[in-house]
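Thanks for passing this one along for a second pair of eyes. Here it is again, so that we are both looking at the same thing.

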Amino acid sequence: MVATIRAPLFVPANRSERFEKAAASGTDAVILDLEDAVAVDAKDAARAALTTGFTDLAVIVRINAHGTPWHDADMAAIADLRPAGVILPKAEDAGIVAAVAATLPCPVIALIESARGLAQARAIAATPGVARLAFGSVDFCADLACAHLRDVLLPARSELVLASRLAGIAAPIDGVTVQLDDLSVSHDDAAHARALGMTGKLCIHPRQIAEVKRAFAPSDAEIDWARRVLASGDGAVSVDGAMVDEPVRIRARAILAEAG
C-alpha cells in the first residue's frame, strides 16, 4: 500500500477535527504528523489523538526523529496503533534506520532531508523494513543553505530515484510545494518529479491533491502514443518519426500500466 501512494496529505496529529476532512479530500493517504506541525507543548496530546479508525485509506504517521525527547514515546504509540506506515524524519544513518524499522509493526518511509542523509541514501534505501524514500526538500535546502529551486535540487532528486532503483524499492516521494496561492506550481513541481522517476509528492493542503494526481497520471497523448507503440509490432520500427524498439516498448507498457 505504501509503495503506490501518490498524493499523501499531512495533517497535524493534534487536530483530530481535521482527520475526516483530510480523508475526504481526495488524497490516497493521510499523514498524521507528530513532528514539525505540532508544537512542543502539544506533543503528548497529538500522540494521544492518534487513530486509524476515521478512514479506510492508508494512515501514515510521521514520528519525531531518533534522538529527540519524543521519539521513544512515539514509537510506543505506533506499536499499539499499527498504521500503514511510518515516516522517519532526519534519516541519516542506515544503522539507526534499521534499528527503528526492526521494532515497528509497519513499513518505514525514510525522509531524506540533509546532506548526510543524501550521502547515505543508497544504504538507507537498502535497509530491511524501508519501503520507500521521501525527500524533505525544504529541510535539505536549510541544511545546505541552497535555494529551493528545481535545477538546484535536480542532483538530489535524481540520487533518491537511483538509490531506490538500486535497492529494488518503490520510487521516492517528492517533497512539498510551499506555495499555496498558485496551484499550477504544485502541478508543475509534481510533473517535474514524475519526469525524474519519482512517483508521488507530499501535500500540505487539500487543494494540492488534484493537481499532484493529475501530474502523475499519464496524459491522453501519452496513452495514445503508448498504444500506437505497442501496436507497431516487434523489432525496430518508426512511430511518429522516431525509432521504436524494445526499451521504448517497455516505457509504453509502463504508461499503460499507470493508466490502469
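My comments follow as numbered points.

1. Ground rules. This is a predicted model, so to speak a calculation throughout: local features need pLDDT of at least 70, side-chain atom pairs count only at pLDDT 80 or more, and totals for chains, interfaces and linings use all residues. Residues are numbered from 1 along each chain as its sequence is written, and side-chain values use heavy atoms, with hydrogens and water left out.

2. Helix H12. Helices and strands here are DSSP runs numbered from the N terminus (H or I, at least four residues, for helices; E, at least two, for strands). H12 covers residues 246-259, 14 in total, and spans 20 Å from its first C-alpha to its last, close to the expected 20 Å; that expectation is 1.5 Å times one less than the number of residues. Its buried residues are Arg249, Ala252 and Ile255, where buried means under 20% relative accessible area, exposed means over 50%, and partly exposed is in between (1.4 Å probe, protein chains only). Looking down the axis of H12, these buried residues fall within an arc of 115°, so they line one face of the helix; the arc is taken from the directions from the helix axis to the C-beta atoms.

3. Around H12. The buried residues of H12 pack against helix H11 (220-230) and strands E9 (237-239) and E10 (242-244), with contact meaning heavy atoms within 4.5 Å. On the face turned away from the buried side you'll find the exposed residues Pro247 and Ala257. Just after H12, Gly260 has a positive phi of about 85°.

4. Helix H7. In H7 (residues 137-144), the buried residues are Ser137, Phe140 and Cys141. They fall within an arc of 100° seen down the axis of H7, so they line one face of the helix. Their packing partners are helix H5 (115-119), strand E6 (130-135) and H8.

5. Helix H4. The buried residues of H4 (residues 94-102) are Ala94, Val97, Val100 and Ala101. They cover an arc of only 125° around the axis, which puts them on the same side of H4. The buried residues of H4 pack against helix H3 (71-81), strand E4 (85-88), strand E5 (108-112), helix H6 (121-125) and E6.

6. Ser164. How buried is Ser164? Its relative accessible area is 0%, so Ser164 counts as buried. Ser164 is in helix H8 (residues 150-167). Outside its neighbours within four places in sequence, Ser164 is in contact with Ala125, Leu133, Ile169, Ala170, Ala171 and Pro172. The C-alpha atoms of Ser164 and Arg132 are separated by 7.3 Å, with their positions 32 residues apart along the chain.

7. Cysteines. A search of the whole structure turns up zero disulfides, with a disulfide being a pair of cysteine sulfur atoms within 2.5 Å. Cys141 is in no disulfide, and the nearest cysteine sulfur, that of Cys146, is 3.8 Å away. Cys141 is buried, at 6% relative accessible area. Cys106 also counts as buried, at 10% relative accessibility.

8. Rings. The count comes to two aromatic pairs. The rule takes rings of Phe, Tyr and Trp (its six-membered ring) with centres within 6.5 Å; planes under 30 degrees apart are stacked, over 60 edge-to-face, and the rest tilted. Phe19 and Phe54 make a tilted pair, 5.3 Å centre to centre with 40° between the planes. This pair links distant parts of the chain, 35 residues apart: Phe19 is in helix H1 (residues 19-23), and Phe54 is in the loop between helix H2 (43-48) and strand E3 (58-62). Both Phe19 and Phe54 are buried.

9. A charge over a ring. Lys43 lies over the face of Trp70, at 4.9 Å from the ring centre. The criterion is NZ of Lys or CZ of Arg within 6 Å of the ring centre and within 35 degrees of the ring normal.

10. Positive phi. Most residues other than glycine have a negative phi, which makes a couple of residues worth a look. Arg82 has a positive phi near 55°; Arg82 sits in the loop between H3 and E4 and is exposed, with a relative accessible area of 55%. Ala145 has a positive phi near 55° too. Ala145 lies in the loop between H7 and H8 and counts as exposed at 71% relative accessibility.
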